[in-house]
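Biologist: I would like a close look at one sheet of this model, followed by the parts around it. Please take it slowly and give the cut-offs as you go.

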Amino acid sequence: MSGLLALLLLAAPPMAVIDEADTVRREPPPHGAIGMSTAWRISDHAPQPRRMEFRRRTLDIGSAIGEHAIAHDEVYYVLDGEGEVVSDGQRATLKPGMTAYLYDGAVVGIWQKGDKPLALIIAYPVAEPREAPVNSPAERKEP
């Protein structure tokens with residue numbers, strides 16, 4: 001019986017349904033604090049263990065997620081606005097409906113361009129799945 005109980009305790013929940021309204025906050029963007037942004041840390045509200053990060057972020061006019069090295073593949077999907085993404089010095093313009101797939105080991109960043117905020121979905125794998133929920137901002141890692 002204790003073996004069955006152990007398996008049940010290790011089993012992942014069947015799903016997590018998260019309302020983004022419960023995850024929103026205003027903060028400087030990561031990797032340089034260039035300007036301000038609105039962040040929805042959606043996956044932070046999923047029970048542990050989890051294997052991916054899923055976030056929404058809107059960069060205010062003039063804001064950017066500064067250049068930084070990534071140790072995993074990462075995806076930026078543009079919902080609204082216009083931006084310029086860089087990966088190892090190569091630059092590209094992104095508009096709504098476009099995706100930048102960024103590769104492990106690259107130095108990447110994204111800047112808001114144009115006359116309206118840049119709204120993104122950002123997804124990447126977690127470095128190591130945790131057994132307990134992340135509670136404080138100091139414990140979180142974000143692109």
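What is the strand order of the open sheet of 4 strands?

Modeller: This is a predicted model, in which local features need pLDDT of at least 70, side-chain atom pairs count only at pLDDT 80 or more, and totals for chains, interfaces and linings use all residues. Residues are numbered from 1 along each chain as its sequence is written, and side-chain values use heavy atoms, with hydrogens and water left out.

The sheet of 4 strands is open and has the order S4-S9-S6-S7, with antiparallel pairing. Its edge strands are strand S4 (64-69) and S7, each of which pairs on one side only. Neighbouring strands in this sheet are turned by 15° against each other on average, direction ignored. Strands are DSSP runs of E with at least two residues, helices are runs of H or I with at least four residues, and both are numbered from the N terminus. Two strands pair if DSSP finds at least two bridges between them. For the angles, axes are lines fitted to C-alpha atoms, for helices over the stretch in contact, and the values run from 0 to 180 degrees between N-to-C directions.

At the S4 edge, 4 bridges join S4 to strand S9 (residues 107-113), and the two run antiparallel. Within this pair, Ala69 stands opposite Val107 in S9. Farther along the order, the loop between strand S6 (82-87) and strand S7 (90-94) holds Asp88. Asp88 has a positive phi of about 50° although it is not a glycine. Asp88 counts as exposed because its relative accessibility is 56%; exposed means over 50% relative accessible area, buried under 20% and partly exposed in between, with a 1.4 Å probe and protein chains only.

For the setting, the secondary structure of the protein comes to 1 helix and 10 strands. From the N terminus, the elements run α-β-β-β-β-β-β-β-β-β-β. The protein has 143 residues, of which 38% count as buried. Among contacts with a separation of 6 or more, 61% come from residues 24 or more positions apart, where a contact means heavy atoms within 4.5 Å.

There is also an open sheet of 6 strands, with the order S1-S2-S3-S10-S5-S8 and antiparallel pairing. Strand S1 (24-27) and strand S8 (99-102) are its edge strands, each pairing on one side only. The twist averages 20° from one strand to the next.

Following that order from S1, 4 bridges join S1 to S2, which run antiparallel, and Val24 stands opposite Trp40 in S2. The loop between S1 and S2 contains His31, which has a positive phi of about 65° although it is not a glycine. His31 counts as partly exposed because its relative accessibility is 33%. On S2, Ser37 and Ala39 point one way and Thr38 and Trp40 the other way, and all are buried. S2 also pairs with S3 in the antiparallel sense over 4 bridges; the bridge partner of Ala39 in S3 is Arg57. Farther along the order, strand S5 (residues 74-80) and strand S10 (residues 118-125) are antiparallel partners over 5 bridges, with Tyr76 matched to Ile122 in S10.

The loop between strand S2 (37-40) and strand S3 (52-59) includes Ile42. Ile42 counts as buried because its relative accessible area is 14%. Leaving out residues up to four places away in sequence, Ile42 touches Ile18, Glu20, Thr23, Phe54 and Arg56. Ile42 is 21 residues from Ala21 in sequence, and their C-alpha atoms are 9.2 Å apart. Pro49 also has its place in the loop between S2 and S3, and the peptide bond from Gln48 to Pro49 is cis, with omega near -5°.

That leaves the pocket. The second largest pocket has a volume of about 180 Å³. It is lined by 14 residues, of which Ala16, Ile18, Ala46, Pro47 and Arg50 are the closest to its centre. On a 1 Å grid over the protein atoms alone, a pocket is an open set of points with protein on both sides within 12 Å along at least five of seven lines, whereas a cavity is a set of points where a 1.4 Å probe fits but cannot get out; lining residues have an atom within 4 Å of a point. Grid points are joined across faces, edges and corners, and a volume is the space filled by probe spheres set on the points. By class, the lining has 11 nonpolar, 1 polar and 2 charged residues. Nonpolar covers Ala, Val, Leu, Ile, Met, Phe, Trp, Tyr, Cys and Pro, charged covers Asp, Glu, Lys and Arg, and the others, Gly among them, count as polar.
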